[in-house]
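Reader: I have just opened my first protein model and I keep stumbling over the vocabulary. Could you walk me through some of the terms?

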Amino acid sequence: MGRRILNDALRTIVNAEKRGKASVELKPVSTVMSSFLRIMKEKGYIKNYQVHDPHRVGRITVDLQGRVNDCKALTYRQDVKAKEIEHYTERTLPTRQWGYVVVTTPDGILDHEEAIKRNVGGQVLGFFY
């Protein structure tokens, strides 16, 4: 069930972007979801997000910017080595110029550029562009 939560949240963001909404509310909350949103905020794909009542079911309010074309979570969490990350991003993302693959590593949840820089591998959570 935990992997579907992230996938449902990312699909909600994409659908709200397509409809031209300014913000969207995501329920329920997970720490993986908030880490994924943190990376999206750092890369400039969303404006801001706020976590409300994270210890219960909670909700996250995301302010959209209009840059997200597609984002998906992988429900099977594919293992990827540090040397294979570049090859995986070439297969997954449409071009090299834009888009990010999010990887969970022993150093935390990172985007593919940071994982290559730190030379760590892990499991692919999803991607956005």
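Reader: Which residue stands opposite Lys72 in β8?

Author: In this predicted model, Lys72 stands opposite Phe127 of strand β8.

Reader: And what makes β4 and β8 a pair of strands?

Author: Two strands count as paired when DSSP finds at least two bridges between them. Strand β4 (residues 71-73) and β8 have three bridges, in the antiparallel sense, so the cut-off of at least two is met.

Reader: How do you know that β5 pairs with β8 too?

Author: Strand β5 (residues 79-80) and β8 are joined by two bridges, again antiparallel. Pairing needs at least two, so two bridges are enough. Here Val80 stands opposite Gly122 of β8.

Reader: How many bridges link β6 and β8?

Author: Strand β6 (residues 100-105) pairs with β8 over five bridges, in the antiparallel sense. One of the partners is easy to look up: Tyr100 is matched with Phe128 in β8.

Reader: Why is β8 called mostly covered?

Author: Six of the seven residues in β8 (residues 122-128) are buried. Buried means a relative accessible area under 20%.

Reader: Now the charges. Why is the contact of Arg4 with Asp8 called a salt bridge?

Author: The closest N and O atoms of Arg4 and Asp8 are 3.4 Å apart. The rule asks for a Lys or Arg side-chain nitrogen within 4 Å of an Asp or Glu carboxyl oxygen, so this contact qualifies. The two residues are four apart in helix α1 (residues 2-19), which means they are separated by about one helical turn.

Reader: What makes Glu25 and Lys27 a salt bridge?

Author: Their closest N and O atoms are 3.9 Å apart, and the limit is 4 Å, so the pair is counted. As for accessibility, Lys27 has 58% and is exposed, because exposed means over 50%. Glu25, at 40%, counts as partly exposed.

Reader: Which parts does the salt bridge between Asp111 and Lys43 tie together?

Author: The closest N and O atoms of this pair are 3.7 Å apart. Asp111 belongs to strand β7 (residues 108-111) and Lys43 to the loop between α2 (31-42) and β2 (46-52), so the bridge ties together parts that are 68 residues apart in sequence.

Reader: Is Asp111 buried or exposed?

Author: Asp111 has 6% relative accessibility, so it counts as buried; the cut-off is under 20%. Lys43, at 25%, counts as partly exposed.

Technical notes. Residues numbered from 1 in each chain as written. Predicted model: local features only at pLDDT ≥ 70, side-chain atom pairs only at ≥ 80, totals over all residues. Heavy atoms only, no water. Buried < 20%, exposed > 50% of the residue type's maximum accessible area, 1.4 Å probe, protein only.
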